[in-house]
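Work through the exercises below with the model open beside you. Try each task before reading its solution.

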Amino acid sequence: MTLGVVIGESKPTAVTAQTSRPLSVGEYVIIDSQDGKLLGLVERSFVTSAALTDIHNFDEAIESKEIADINSRDKSFTAKIGILGYLAQLQKSVVVLPAIPPIPGTGILSATKDDLGNIFAPQKDEWVRVGTLLRNSQIEAKINLNKIVSRHLGILAMTGMGKSNLVSLLAKQISTVNGTLIIFDYHNDYADLHIPEINVIEAKINPRLLDANTLSDVLEIRENADIQQRILRLAFTPDVKESQNFWDALDHNVEMIGANPERKDDRHSADRVRDKIDDARHRFADVLDPDIMDPLGLIKEGKINVLNISELSEKQANVALAYYFQELLTDRKSALLAKSAKAKSSHRYRFESPVFVIIEEAHVFIPKGEETHTKYWAAKIAREGRKFGLGLCIVSQRPRNIDPNVLSQMGSLAVMKIVQEDDQRQITAAAESISHDLINQLTSLNVGDAVFVGQWVNLPAIVHIEEVKDKPVGSDKNAISEWKSTKKFEKIATESTQKLIQKDLLLD
């Protein structure tokens, strides 16, 4: 079906078309050029009225509207269409742009299911369904799981736009192929996912395996508390690390340093460090475990692993993530070495197959303009992980606060509704394949709609992501419903305190 014709100046990468109806941004069309069919994506759409142009007052607007209503030629539908490549080549996952622009007058046709099906929903094992094309709803939208593991993924959106739903959907799809997924769950959102044999565990930190500066962060000693930092550094000796009773040994060393008669001023600071140690060993007993020598042992290969870090402070969570990242990267390197022809039997590793890791609230752990424990290892995984089968996914509602060097390493992006211009600029800088016109459409997306770009899709697409119905992960609380269901407690009569007041005490 002919929708329109190419008009004005055309380019090998974009054309302008006059159409018979208004086209939707994100809609795919066929440009029937002389050298073969081209696939195009509508990036901008305009509707104008000749009668209702240059209106100066309300009465003129009403009169012009009457003229416009009876004039079938009054409305003009114009679309800016980005050229994605020759259709036949795209169906073979090969992008070939035309050397010569389409000639003005070239027909614009509707894209059919036969045209788009093989491009957006290839029938291959690594491609899994996540929804449908937003503007061509009869077309399945699939993503390439191999590419998100090997080239990483960023999921970016405002709060409430569907980030958690997409993470849940990816978890379900990875579970169907027995993949190993680790979700660092910052808000305890994913423990109830209905996935067979999901492995929900508490994140653990072994204080023996940390350096003094990192242990200081875990104990929440202030950065500017120089004396406390020095005392902990002196007390955290190799003997303490190997001691059977770790906390007692560390506390004893701190006490001895504070008792040094030549440094009486250290006593108060040593007491503060001992308070921090006592607080940590009791309040965070479930998190800080000096007897767990291999935290990776809690993670199950071939399963969806949810590591609950909601009980950790921000600094502790940062340390925990950094430790797991370091161990995972080391493990995957060891696995690769062990499988190589030159490997020695001494190479030990835990995971036989690739591992995919998802960080919620990535802006907290990989901040822009600030160094953190997690940021160092996340950047290292972003650069090197693909060589060793360790994939990274960062999830955030504040792209502007994520380190741009890490964000730019995400080979694929799912971008949902984003309003802040700073966020949009950060996304534009990170993703070369997302056009300025598509970025401008982010403010108009609804819940569950996303722009997919990068290596996990054959072409940029605006997708409606299917909802994971068994659990409304990350949904807002229904305050009214919960208030109404709260039991009303009868007021307990209490004796008036007026007669208990001794009036003579009020008199001079």
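**Exercise 1. A helix between two sheets**

Which strands does α3 lie across, and at what angle to β8 does α3 run?

Solution. The model is predicted. Start with the strands: α3 lies across β7 (127-133), β8 and β17 (461-465). Next, take the direction: α3 runs at about 25 degrees to β8. Now turn to the barrel strands. Helix α3 (residues 113-120) also lies across β3, β4 (36-49) and β6. There, α3 runs at about 115 degrees to β3.

**Exercise 2. The barrel**

Give the strand order of the closed barrel, then trace the pairing of β6.

Solution. Step one is the order. Six strands close the barrel as β1-β2-β5-β4-β3-β6, with antiparallel pairing. From one strand to the next, the twist averages 40 degrees.

Step two is β3 with β6. Strand β3 (residues 28-33) and strand β6 (residues 107-110) run antiparallel and are joined by three bridges. I31 stands opposite I108, and V29 stands opposite S110.

Step three is β1 with β6. Strand β1 (residues 2-7) pairs with β6 over three bridges, again in the antiparallel sense. V5 has G107 as its bridge partner.

**Exercise 3. The open sheet**

Find the edge strands of the eleven-stranded sheet, and say why one side of each lacks a neighbour.

Solution. Write out the order: β8-β7-β17-β16-β15-β9-β14-β13-β10-β12-β11. This sheet is open, and its pairing is mixed. The edges are β8 (140-144) and β11 (199-202). Each has a single partner strand, so one side of each is left without a neighbour in the sheet. The twist averages 30 degrees from one strand to the next.

Now take one pair inside the order. Strand β13 (residues 355-359) and strand β14 (residues 390-396) run parallel, with five bridges between them. F356 stands opposite G391 in β14. Then add a helix. Helix α5 (residues 163-176) packs on the sheet, and the strands it touches include β9 (153-156), β10 (180-185) and β12 (304-308). The direction of α5 makes about 145 degrees with that of β9.

**Exercise 4. Two packed helices**

Classify the packing of α7 against α9.

Solution. Two packed helices are described by the angle between their axes and the distance between the axes. The axes of helix α7 (residues 226-235) and α9 come within 9 Å and cross at roughly 120 degrees. Roughly perpendicular covers 65 to 115 degrees, and roughly antiparallel starts over 145. α7 and α9 are therefore oblique to each other. The crossing is right-handed. For the contacts, I231, L232, L234 and A235 in α7 meet L250, N253, V254 and I257 in α9.

**Exercise 5. Core and surface**

Which residues touch the most other members of the largest nonpolar core? Is Q244 buried or exposed?

Solution. The largest nonpolar core has 134 residues, and Y28, I155, L250 and F452 touch the most other members. Helix α11 (residues 314-339) supplies the largest share of this core, nine residues. A second, separate core has 14 residues, among them I31, V42, I81 and Y86.

Look at I155 in detail. Leaving out residues up to four places away in sequence, its contacts include K163, L166, V167 and L170. C393, I394 and V395 are also among them.

Finish with Q244. Q244 sits in the loop between α8 (238-242) and α9 (246-258). Its relative accessible area is 72%. The cut-off for exposed is over 50%, so Q244 is exposed. Q244 and P290 are 46 residues apart in sequence, and their C-alpha atoms are 9.2 Å apart in space.

Technical notes: Residues numbered from 1 in each chain as written. Predicted model: local features only at pLDDT ≥ 70, side-chain atom pairs only at ≥ 80, totals over all residues. Heavy atoms only, no water. Core = buried A, V, L, I, M, F, W, Y, C linked by side-chain atoms within 4.5 Å. Buried < 20%, exposed > 50% of the residue type's maximum accessible area, 1.4 Å probe, protein only. Helix = DSSP H or I, 4+ residues; strand = E, 2+ residues; numbered from the N terminus. Contact = heavy atoms within 4.5 Å. Pairing = 2+ DSSP bridges. Axes fitted to C-alpha atoms, helices over the stretch in contact; angles between N-to-C directions. Parallel < 35°, antiparallel > 145°, perpendicular 65-115°, else oblique. Left-handed = near helix turned anticlockwise from the far one by under 90°.
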